[in-house]
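Reader: I should like a close look at the charged side chains of this protein and the loops that hold some of them. Please treat them in one connected account, with the cut-offs behind each term.

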Amino acid sequence: MRDLQEVPILTAVLQNLELRGIQLSDDDDDEAAGSRTHTYDAPENLTPSASLFASLSIGTRHASILANLSDNKGAYNKRIRVGRGASSGKGKTSGRGHKGQGQHGKVKPWFQGGQTPLVVQRGTKGFENRRAPVMSKINLDKLQQWIDAGRIDPTKRITVKELVESNLVGTIKDGVKILGGGKEALRQPIDILVSRASASAIQAIESTGGKVLARYYTKTAIRGIVKGTTENSDKPLPQGKEHVESILAAARTTRFLRRLPDPTSRREIEYYRDPAHRGYLSHLLKPGESPSLYFKVPTEKVGTFKKEKTKKEVKATAALW
């Protein structure tokens, strides 16, 4: 090509291509290009340098994919070879130190050299309650962020369904608890129905004109509420034979398959009977009655007390004649 030959830097490259049997041809050199075994017709829209690099790519090979195969990161852990020289960091003593029981044999992690273990001397303090319900905790500042973003409507009652559907609660656990973290950020009144609420959260919500109600939930119940198969009600199941027919009649007309359970353990019943926790069973308390099922509030005894006899009266009744 005439344009490429006029560039002095590319003259040597063109000569090398001619020795390899490759000729760059344009529309004027079609007959000369046809006599070659390997020809390259440069398009009209390519610059001379672009057509040159396109010609250099002829006859090149790509590396096989088998040469680039390797394990994923972390799929293979190289075995540590000990006792193979000090430069490896695991030479001579092989990472076991000098002499002693730790080098000659195996020592259990809790072995303290034969002394009385500290756990025996001092004992343990407290315990971990493995049966305690695990709550999803929400701070008030995070709740206010969701309200500002329009993900939760504060004009309606906020329940566990809205909290889960808005992704404010991730993994469904045994319940949802509202905490008072960032309570200064709460600006508008809200009506919220959750499992539990801290004292600071209750005070902050009610100071803005809101309302808090604590209701007993389980993990299965929350999943049913989100799916729409369980009715989310803040009223407990009425007790007594006289309520059986009305409950069955209401169950036949509703679209829900299940209703929410009520607490059965003494600890849970006492929690939701306490007005300080804003429990949904607090209306069952009588005036002056304690939420505890065991400890009773002392009240005045009804009736008259027997008057104690004096010593003279006792002596008179004890005499036979």
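Author: The account below begins with the whole protein and then turns to its charged side chains and loops.

The model is a predicted one, in which local features need pLDDT of at least 70 and side-chain atom pairs count only at pLDDT 80 or more, whereas totals for chains, interfaces and linings use all residues. Residues are numbered from 1 along each chain as its sequence is written, and side-chain values use heavy atoms, with hydrogens and water left out.

The protein has 13 helices and nine strands; these are DSSP runs numbered from the N terminus, helices being H or I over at least four residues and strands E over at least two. Of its 321 residues, 25% are buried, where buried means under 20% relative accessible area, exposed means over 50%, and partly exposed lies in between (1.4 Å probe, protein chains only). Among contacts with a separation of 6 or more, 52% join residues 24 or more positions apart, a contact being heavy atoms within 4.5 Å. The exposed surface comes to about 24600 Å², of which carbon and sulfur atoms supply 52%; such areas come from the Shrake-Rupley method with a 1.4 Å probe, and for residues only the protein chains shown count as cover.

Side chains of opposite charge can pair when their charged atoms come close. The structure contains eight salt bridges, each a side-chain nitrogen of Lys or Arg within 4 Å of a carboxyl oxygen of Asp or Glu. One of them joins aspartate 148 to arginine 187, with N and O 2.8 Å apart. This pair spans 39 residues of sequence and links distant parts of the chain, since aspartate 148 belongs to helix α7 (residues 140-148) and arginine 187 to the loop between β4 (175-179) and β5 (191-194). Aspartate 148 is partly exposed at 48% relative accessibility, while arginine 187 is exposed at 55%.

A second salt bridge connects glutamate 268 with arginine 196, the closest N and O atoms lying 3.4 Å apart. Here helix α12, which carries glutamate 268, is linked to strand β6 (residues 196-197), which carries arginine 196, across 72 residues. Glutamate 268 and arginine 196 are both buried.

Arginine 278 pairs with glutamate 206, their closest N and O atoms being 2.7 Å apart. Because arginine 278 sits in the loop between α12 and α13 and glutamate 206 in helix α9 (residues 199-207), this salt bridge ties together parts that are 72 residues apart in sequence. Arginine 278 is partly exposed, with 26% relative accessible area, and glutamate 206 is partly exposed as well, at 32%. Elsewhere, Arg157, Asp191 and Asp234 are linked in a network of salt bridges.

Arginine 278 also bears on aspartate 274, which lies in the loop between α12 (266-273) and α13 (311-318). Aspartate 274 is buried yet forms no salt bridge, and the nearest side chain of opposite charge is that of arginine 278, 7.3 Å away; in this count Lys and Arg are positive and Asp and Glu negative, with His and the chain ends not counted. A polar atom of the aspartate 274 side chain instead lies 3.1 Å from the backbone nitrogen of alanine 276. This is a polar contact, a pair of N or O atoms within 3.5 Å in which, within protein, one must be able to donate a hydrogen and the other to accept it; residues adjacent in sequence count only if both atoms are side-chain atoms. Leaving out residues up to four places away in sequence, aspartate 274 touches Gly279, Ser282 and Pro291.

The loop between α4 and α5 holds arginine 96. The side chain of arginine 96 reaches the backbone oxygen of glutamine 103 at 2.9 Å. Apart from neighbours within four places in sequence, arginine 96 contacts Gly102 and Gln103. Serine 94, in the loop between α4 and α5, has a positive phi near 60° although it is not glycine, and serine 94 is partly exposed at 25% relative accessible area. Lysine 99, another residue of the loop between α4 and α5, has a positive phi near 55° and is exposed at 68% relative accessibility.
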